[in-house]
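Subject: Structure handover

Hello,

Please find the structure below, for your files. My notes on it come after.

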Amino acid sequence: NFSDFGPYDVIVIDGSISSSNGDFIYYKLFEPDQMIDSPHVILSHGFFRNQSVMTGFAEHFASWGIRVLTMNLLHSSFLDNDPIQDAQDLNLLSNEIFERRSVIYVGHSAGGLRSILAAAQDSNTVAVFGMDLVDILVNDSFLGQDYSQDLSIPLWGIFGEESLCNSNSNGLGIFNLAANGNAIRIIEADHCDF
């Protein structure tokens with residue numbers, strides 16, 4: 001029963017690396033006490049939040065034998081909203097920490113968009129999972145939809161009820177345009193439930 005905590009104890013490692021623009025990326029790595037052969041997971045938080053909201057997911061996945069990494073997105077605020085730069089930072093972490101091994105990008109809300117962008121730039125990506133992800137309009141086209149059209153890997157998403165918080169489910173277009181897009185609506189769930 002994967003809803004229960006798994007059989008492995010979890011070790012948490014704090015670290016940091018320097019991004020391409022010189023900022024420090026602080027991350028947490030959640031590792032099972034015994035390694036098994038599985039893809040790694042990178043979890044991304046939503047807009048104007050931080051990696052602490054992903055701790056529960058990270059510990060749960062690691063308890064089932066999966067290495068999980070979370071980070072504070074540096075460009076996910078009202079003053080600095082740059083999903084492409086955040087995606088490049090996610091790629092940097094994937095390459096540095098996971099040494100170009102198979103990775104699954106997972107994100108909530110704006111972190112889900114960043115997961116799509118990161119996956120499109122990382123040939124080691126085996127899947128993407130978005131939790132009520134949102135898209136952003138740039139130069140009259142949706143950024144996530146533009147990137148998702150070239151992805152052949154599985155894209156899975158769960159969506160709550162439409163609201164302003166999830167940009168009225170504009171992230172659904174990402175899954176409609178992807179070759180292997182699969183979206184599931186969770187009835188009566190709101191954006192924060194994810």
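The notes cover the strands, one surface patch and the salt bridges.

Please keep in mind that this is a predicted model.

Strands

I started from strand β4, residues 68-71. Its side chains alternate: V68 and T70 point one way, L69 and M71 point the other way, and all of them are buried.

β4 is joined to two other strands. With β2 (residues 24-32) it runs antiparallel, and four bridges join the two. In that pairing, L29 stands opposite L69. With β3 (residues 40-44) it runs parallel, through three bridges. Here V41 has V68 as its bridge partner. The connection from β3 to β4 involves helix α1 (residues 55-63), and the three elements make a right-handed β-α-β unit.

Surface patch

F48, F78 and L79 make a nonpolar surface patch of about 470 Å². F78 lies in the loop between β4 and α2, the latter being residues 83-97. F78 counts as exposed because its relative accessible area is 66%, where the cut-off for exposed is over 50%.

Salt bridges

Side chains of opposite charge can pair when their charged atoms come close. Searching the whole structure gives four salt bridges; these notes describe three, D14 with K28, D86 with R114 and E99 with R101.

In the pair of K28 and D14, the closest N and O atoms are 2.6 Å apart. This pair links distant parts of the chain, since K28 is in strand β2 and D14 in strand β1 (residues 10-18), 14 residues apart. K28 has a relative accessible area of 25%, so it is partly exposed. D14, with 55%, is exposed.

For D86 and R114, the closest N and O atoms are 2.7 Å apart. This pair also links distant parts of the chain: D86 belongs to helix α2 and R114 to helix α3 (residues 110-120), with their positions 28 residues apart in numbering. Are the two partners buried or exposed? D86 is buried, because its relative accessibility is 0%. R114 is buried as well, with a relative accessible area of 1%. The cut-off for buried is under 20%.

E99 and R101 meet through their side chains, with an N to O distance of 3.2 Å. R101 is partly exposed, at a relative accessible area of 41%.

Regards

Key. Residues are numbered from 1 along each chain as its sequence is written. This is a predicted model: local features need pLDDT of at least 70, side-chain atom pairs count only at pLDDT 80 or more; totals for chains, interfaces and linings use all residues. Side-chain values use heavy atoms; hydrogens and water are left out. Buried means under 20% relative accessible area, exposed over 50%, partly exposed in between (1.4 Å probe, protein chains only). Two strands pair if DSSP finds at least two bridges between them. A crossover is right-handed if, with the strands pointing away from the viewer, the path from the first strand over the helix to the second runs clockwise. Patches are made of residues with over 30% relative accessible area and no salt bridge: like charges are joined within 9 Å, nonpolar side chains (Val, Leu, Ile, Met, Phe, Trp, Tyr) within 5 Å. Accessible areas come from the Shrake-Rupley method with a 1.4 Å probe; for residues, only the protein chains shown count as cover.
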